[in-house]
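Please open the model in a viewer and keep the selection tool at hand. The stops below are arranged so that each selection can be made in turn.

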Amino acid sequence: MANFRVHVLGAAIPSALAAGLAMAGGLVTPAVGGVCFGLGVLGGMLPDIDADNSVPTRIIFGTLAVAAAAAVALALREHTAPWLVALAALAAFAVIRVGLRGFTAWLCVHRGLVHSLPFAALVGAVAVHLAWRSFHLAPTPAWLAGVFLTGGFLIHLVLDELFSVDLVGARMKRPFGTALKLGSRRQWLGTALLYAGVIGLLTVAPPADRFVRDVTSSRTRAAIAATFAGLR
Ligand SMILES: [Zn+2]
């Protein structure tokens, strides 16, 4: 299994390159390009949220808990007594930090369904919808957001698979084949739901043909070439 640093770097370097190309090609604004980079790095950490005490679990749930506490405090601050606001924020923090984390720990066996190819597709599809519906991005940047998240996720799975081979002894350590998988026979119902969710989300996603056309267009290539020519 690759360690945390390998995962962060492994996702950050290609994400930075890809985000730079997307910005140079005029596909995204610098702000959206920055978010895409962040999503790529997040994708590189996400698969291990099913490992109870992994570093990403602590970072992700810690961040979510702080964000929830801040959101509650902001929402209540106008009409509520300060001590009640503080109490509500504390409660929100505790619910996320302890409750949600306990729930996901109960839900996910490490290297279960979360650590799989269809889950990589699911997080990307969810990101496309959020970017499109909640943040009102055009189809192309919305799809890019999903591609970055799924891309980071896939890099994580590949790194885990690579690191499960003991290069020195040239033998397989136990988890080989558990990282890059299409589902789980033991969790067949969850696997089926996962595929149904991906297919469902993709059928109501913003049109992908515009995205594909934009990414592959000669105009994008020309813009990238012009940016690099300008750098010299
Ligand atoms: Zn992993």
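Begin with helices H1 and H2, which are roughly antiparallel to each other, because an angle over 145 degrees counts as such and theirs is about 155 degrees. The model on display is a predicted one. To bring up the pair, select residues 4-24 for H1 and residues 30-45 for H2; their axes lie 8 Å apart. Viewed as a crossing, H1 and H2 form a right-handed one.

Next, show the side chains where the two helices meet. On the H1 side, select Phe4, His7, Val8, Ala11, Ala12, Ser15, Ala16, Ala19 and Met23. Facing them from H2 are Pro30, Gly33, Phe37, Gly40, Val41, Gly44 and Met45. By character, the residues of this contact comprise 11 nonpolar and 5 polar, with no charged ones.

Move on to helix H5, residues 117-134, and select alanine 120 within it. Alanine 120 counts as buried, because its relative accessibility is 0%. Which residues does alanine 120 contact, leaving aside its neighbours within four places in sequence? They are Thr150, Phe153 and Leu154. Then add proline 47 to the selection: its C-alpha atom is separated from that of alanine 120 by 8.3 Å, although the two residues are 73 residues apart along the chain.

The last stop is threonine 140, in helix H6, which spans residues 139-163. Is threonine 140 buried or exposed? With a relative accessibility of 3%, threonine 140 counts as buried. Display Leu27, Arg210, Phe211 and Asp214 around it: threonine 140 touches these four when residues up to four places away in sequence are not counted.

Conventions
Residues numbered from 1 in each chain as written. Predicted model: local features only at pLDDT ≥ 70, side-chain atom pairs only at ≥ 80, totals over all residues. Heavy atoms only, no water. Axes fitted to C-alpha atoms, helices over the stretch in contact; angles between N-to-C directions. Helix = DSSP H or I, 4+ residues; strand = E, 2+ residues; numbered from the N terminus. Left-handed = near helix turned anticlockwise from the far one by under 90°. Contact = heavy atoms within 4.5 Å. Nonpolar A, V, L, I, M, F, W, Y, C, P; charged D, E, K, R; others polar. Buried < 20%, exposed > 50% of the residue type's maximum accessible area, 1.4 Å probe, protein only.
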